[in-house]
Amino acid sequence: MEDLQCCVTSCEKPLDQAYWDAQYKAKATGWDLGTVSPPIQALIDTIEDKNSAILIPGGGNSYEAEYLLQQGFTNITVIDIAPTLIEVLQQKFVNHPNVKIILGDFFEHQGQYDWIIEQTFFCALPPTMRPKYVWKMHQLLAPKGKLVGLLFNREFEQGPPFGGNKVEYINLFSGAFTIEKMEVCTNSVAPRANTELGIEFKKNAEAKVHLYEFEGITCSGCKATVSEKLASLDTVLNVTMNSNFSEVVITSTEKVALKKLQDTVSFDEKYKIIKANY
Ligand SMILES: C[S@@+](CC[C@H](N)C(=O)[O-])C[C@H]1O[C@@H](n2cnc3c(N)ncnc32)[C@H](O)[C@@H]1O
């Protein structure tokens, strides 16, 4: 997977705007396919409504946006955090009002999309952000919206990219999404052959998906106990706590009062659950 090695600086550094911008400045973009990814091209070819609102988060050089444009799509948005890249994209799409280029953090973005296209954005984020990614995707999708694209079905020695597998994705996305498809792709580019899962996750518009900050947990055993207790509450469909125990996403059929959540975890006085400030 040489094509995916992207670090020009130490991977211990935070994966923030400065990090990503440095990759573009150094042209250290090993993930860049130079063309639309074949499984995503095939997926785009199935979208009938050319006026669908489509978001490409962490879009990089955005060959997918180019392809959408060529196919006559009229409402394409790309958001990426790297200013150096965004300058290039603004030039590339300068005469194309159907493509909106946004410099910004996906997690602060507001909007409503029918389709969100995932390609090497999820795997570029620190794994601690995975529950928050699910929460944000749910928020940004229209009631019948879908998250589609590719997720890795393998691990990497050092990230980014950070790997994953089907079981992890089912545990993360269930409740907030209906997993309509998650299969190993047969048309990946050669260096990624048999390592990509083609996904189609439909938003569960009935689900309430809320992000909370959590304090007080210091080990995986306690995380499991707390998660089980929260998951056992009436109406709760899924509970996903991140790997450093600082955030938890609770998906339920009805919003659960914060007081009830706090009472549920109050068996240990160190535990605090706080509504995230978004
Ligand atoms: C591995 S690259 C993938 C780029 C593109 N999707 C591709 O496949 O060629 C990850 C991209 O996500 C962007 N990114 C990372 N964190 C982001 C965030 N919080 N909000 C928006 N973009 C982000 C980076 O700048 C980078 O362009």
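## A predicted two-domain chain, from the HMA span outwards

The ends of residues 215-265 sit 11 Å apart, going by their C-alpha atoms, and this span is 39% helix and 25% strand. Why pick that stretch? An unreviewed UniProt entry lists residues 215-265 as "domain: HMA". Keep in mind that everything here comes from a predicted model.

Now the whole chain. It carries 8 helices and 11 strands. Its radius of gyration is 19 Å, close to the 19 Å that the globule rule gives for 278 residues, so the chain is as compact as a globular protein of that length. Buried residues account for 39% of the 278 residues. If you take contacts between residues at least 6 apart in sequence, 68% of them join residues at least 24 apart. The C-alpha trace spans about 60 × 40 × 35 Å along its principal axes.

The domain assignment splits the chain into domain 1 (14-203) and domain 2 (208-275). Their C-alpha centres are 28 Å apart. Each side puts residues into the contact: 13 from domain 1 and 13 from domain 2. On the domain 1 side, helix H5 and helix H6 are the elements that give two or more residues, and H5 brings the largest share, 6 residues.

Here are the helices picked out in this report:

| Helix | Residues | Where it comes up |
|---|---|---|
| H1 | 17-25 | buried residues Tyr19, Trp20, Gln23 and Tyr24 |
| H4 | 83-92 | part of what covers the buried residues of H1 |
| H5 | 130-140 | side of domain 1 that touches domain 2 |
| H6 | 166-173 | side of domain 1 that touches domain 2 |

What about the inside? The largest nonpolar core has 68 residues, and those with the most contacts inside it are Ile54, Val78, Tyr113, Ile116, Val134 and Val248. Strand S5 (residues 141-152) supplies the largest share of this core, 6 residues. The core also takes at least three residues from each of domain 1 and domain 2. For a look at one of its residues, try Ile54: leaving out residues up to four places away in sequence, Ile54 touches Leu68, Phe73, Asn75, Ile76, Thr77, Tyr113, Asp114, Trp115 and Ile117.

Back to helix H1, whose buried residues are Tyr19, Trp20, Gln23 and Tyr24. Seen down the axis of H1, these fall within an arc of 135°, so they line one face of the helix. The general rule behind this is that an α-helix has 3.6 residues a turn, so residues three or four places apart point the same way. Helix H4 is included in what covers the buried residues of H1. Just after H1, Lys27 adopts a positive phi of about 55°.

Key:
Residues numbered from 1 in each chain as written. Predicted model: local features only at pLDDT ≥ 70, side-chain atom pairs only at ≥ 80, totals over all residues. Buried ≥ 20, exposed ≤ 12 C-beta atoms within 10 Å, placed from the backbone. Helix = DSSP H or I, 4+ residues; strand = E, 2+ residues; numbered from the N terminus. Arc of directions from axis to C-beta. Contact = placed C-beta atoms within 7 Å. UniProt positions renumbered as here; feature names shortened; annotations may be inferred. Core = buried A, V, L, I, M, F, W, Y, C linked by C-beta atoms within 7 Å. Domains from an automatic or database assignment. Rg over C-alpha atoms; globule rule 2.2 N^0.38 Å.
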